[in-house]
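Q: I have a sequence and a model on my screen, and I'd like to learn how to read them. Can we go through it together?

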Amino acid sequence: MVDFIVFLVLFLGGFVLFGISHELPTGQAYAFTAGILLVSLAMAYVMRQRGSATKRADNWNQNQQ
């Protein structure tokens, strides 16, 4: 449950930064880039978690044989 909350905060926070970046008087590029980074970080965070939908035995953070 905590993993989902972390993912949701990162993912939606990235979209909020996308949305407000065009309204800022300065630093529009920084806000937009930060939004891209947050969304990418959220997706990477979900993909590295154990017990993913793919049920792979060899995940990025675990090497089980």
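What follows is a short dialogue about helices, buried residues and aromatic rings.

A: Sure! Keep in mind from the start that this is a predicted model.

Q: Which secondary structure does the chain have?
A: Start by looking for helices and strands. Here there are 2 helices and 0 strands. H1 covers residues 2-21, and H2 covers residues 28-47.

Q: How many residues does H1 have, and what span does it reach?
A: You can hold a helix's end-to-end distance against the one expected from its residue count. H1 has 20 residues, and from its first C-alpha to its last it reaches 28 Å, close to the expected 28 Å.

Q: What does UniProt list for residues 29-47?
A: A record can add a label to a stretch of chain. UniProt, in an unreviewed entry, gives these residues as "transmembrane region". In the model, residues 29-47 are 100% helix and 0% strand, with the end C-alpha atoms 27 Å apart.

Q: Which residues of H1 are buried?
A: Buried here means under 20% relative accessible area. In H1, the buried ones are Phe7, Leu10, Gly14 and Ser21. They sit on the same side of H1, because they cover an arc of only 80° around the axis.

Q: Why do residues three or four places apart point the same way in an α-helix?
A: An α-helix has 3.6 residues a turn, so residues with that spacing point the same way.

Q: What do the buried residues of H1 pack against?
A: They pack against H2. Turn to the face of H1 that points away from the buried side, and you'll find the exposed residues Val2 and Val9.

Q: Is Gly35 buried or exposed?
A: Check its relative accessible area: at 0%, Gly35 is buried. This glycine is found in helix H2. Leaving out residues up to four places away in sequence, Gly35 touches Gly14, Leu17 and Phe18. You can also look at C-alpha distances: Gly35 and Leu12 are 23 residues apart along the chain, with their C-alpha atoms separated by 9.2 Å.

Q: How many aromatic pairs are there?
A: To find pairs, look for rings whose centres lie within 6.5 Å. That gives 4 aromatic pairs. One of them is Phe11 with Phe15, which is edge-to-face, at 5.0 Å centre to centre and 65° between the planes. Both lie in helix H1, 4 residues apart, about one turn of the helix. Phe11 is partly exposed at a relative accessible area of 22%, and Phe15 is partly exposed at 42%.

Q: How far apart are the ring centres of Phe18 and Phe32?
A: Their centres are 5.1 Å apart, and the planes meet at 45°, so this pair is tilted. It links distant parts of the chain, with Phe18 in helix H1 and Phe32 in helix H2, 14 residues apart. Phe18 counts as partly exposed at 22% relative accessibility, and Phe32 also counts as partly exposed, at 40%.

Q: Which residues form the aromatic cluster?
A: Pairs can join up into a cluster. Here one cluster is formed by Phe7, Phe11, Phe15, Phe18 and Phe32.

Q: What about the chain as a whole?
A: Totals are handy for that. Of the 65 residues, 18% count as buried. The accessible surface comes to about 5,000 Å², and 69% of that belongs to carbon and sulfur atoms. Among contacts between residues at least 6 apart in sequence, 40% join residues at least 24 apart.

Methods. Residues are numbered from 1 along each chain as its sequence is written. This is a predicted model: local features need pLDDT of at least 70, side-chain atom pairs count only at pLDDT 80 or more; totals for chains, interfaces and linings use all residues. Side-chain values use heavy atoms; hydrogens and water are left out. UniProt positions are given in the numbering used here, feature names are shortened, and annotations may be inferred rather than shown by experiment. Rings of Phe, Tyr and Trp (its six-membered ring) pair if their centres lie within 6.5 Å; planes under 30 degrees apart count as stacked, over 60 as edge-to-face and the rest as tilted. Buried means under 20% relative accessible area, exposed over 50%, partly exposed in between (1.4 Å probe, protein chains only). The expected span of a helix is 1.5 Å times one less than its number of residues. The arc is that of the directions from the helix axis to the C-beta atoms. Contact means heavy atoms within 4.5 Å. Accessible areas come from the Shrake-Rupley method with a 1.4 Å probe; for residues, only the protein chains shown count as cover.
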